[in-house]
Amino acid sequence: MLARTRMQQAVPTTFGLKVIGWRHPLLHSRDRLAELRPRLLSVQLGGAAGTLAPWGDAGTRVREALADELGLAAPPVPWHTQRDGVVECAGWLSLVTGALGTMGLDIGLLAQSEVGEVAETSEAGHGGSSTLPQKSNPVRSEVLVALARYNANALGAMHQALLHEGERSGAAWSLEWLTLPGMALAAGGALAQAQRLVSGLAVDTARMRRNLEATRGLCLAEAAAFALAEHMPRERARALVSDACREAKAGGEGLIAVLERQTDAPVHWRAIEDPERYLGSAVAMVDAALST
């Protein structure tokens, strides 16, 4: 299929590599969750101002006993005003929804009528419009994008809640209570929507191939430039291919045909115009990712 960079057709890639790109940040977040757990799940017992004064010199032993009873970590000091663990949790929620939102945005773009390389499902009537019968709106993808943006905005409020005055802040706590539950709900909803989305995703490999062929070889301009650079200075090769791209676009001719006419460099053009020969390490990277 076509890779697209900055909303433009780029070079050939594989759908497998794209999916691995969606998956990898989620695996990172799973690892982060295990690392976050001991920092977040820690006992909070400090008394009114963090001194444990009501327990005299037994305060720290009481806190440690409570932590043991509850199966929590026992930090050396109370964390009334040390909210980094709570905000780290909020950051983790935003990372999860951000990763899923990127997937949703990708799928929504690939599902556009003019692209048509994927669809949220082959189920009839899914995402139907109230007035346009031909449409199948990418509703689940849109939900993932919306929830990612919601959590990204909410994370800023959680960073504001890091600011505690003195030994306890009612305002900062209240801001946490207003913000963090919604972030958790957004992440849970995104995970549920994503599971349904990927379970029913329809992939049109024939359309992917047609979209590749529709570039008339322009997606292989980089490959052509590198091939020519073996026979001439690199800047000259790049300029020659740039000129050929403009001519191919203007005249509707294939890029390789234009280059064959413009240069007598001994390049094996038939190999260059096969997109499957310009996938680099894409397949190997997918295999490596799935083996870990």
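Which residues does Met-103 touch, not counting residues up to four places away in sequence? In this predicted model, Met-103 touches Trp-22, Leu-144, Ala-194, Leu-197 and Val-198 when those sequence neighbours are left aside.

Met-103 also belongs to the largest nonpolar core, a set of 30 residues in which Leu-100, Met-103, Leu-144 and Met-183 have the most contacts. The elements that give two or more residues to this core are α1, α3, α4 and α5, and the largest share, 11 residues, comes from α3. A second core of 25 residues, separate from the one just described, includes Val-241, Ala-248, Ile-256 and Trp-269. As a general background, nonpolar side chains in soluble globular proteins tend to be buried together.

The two cores can be set side by side as follows.

| Core | Size | Residues, among them |
|---|---|---|
| Largest nonpolar core | 30 residues | Leu-100, Met-103, Leu-144, Met-183 |
| Second, separate core | 25 residues | Val-241, Ala-248, Ile-256, Trp-269 |

Helix α3 covers residues 84-110, and because each residue should add 1.5 Å, its 27 residues should span 39 Å, which agrees with the 38 Å between its end C-alpha atoms. This helix is mostly covered, since 19 of its 27 residues are buried.

Asn-153, by contrast, lies in helix α4, which runs over residues 139-160, and this asparagine is exposed because its relative accessible area of 62% is over the 50% cut-off. Between Asn-153 and Ser-94 there are 9.1 Å in space, C-alpha to C-alpha, although the two are 59 residues apart in sequence.

Technical notes
Residues are numbered from 1 along each chain as its sequence is written. This is a predicted model: local features need pLDDT of at least 70, side-chain atom pairs count only at pLDDT 80 or more; totals for chains, interfaces and linings use all residues. Side-chain values use heavy atoms; hydrogens and water are left out. Helices (H or I, at least four residues) and strands (E, at least two) are DSSP runs, numbered from the N terminus. Buried means under 20% relative accessible area, exposed over 50%, partly exposed in between (1.4 Å probe, protein chains only). The expected span of a helix is 1.5 Å times one less than its number of residues. A nonpolar core is a set of buried Ala, Val, Leu, Ile, Met, Phe, Trp, Tyr and Cys residues joined through side-chain atoms within 4.5 Å. Contact means heavy atoms within 4.5 Å.
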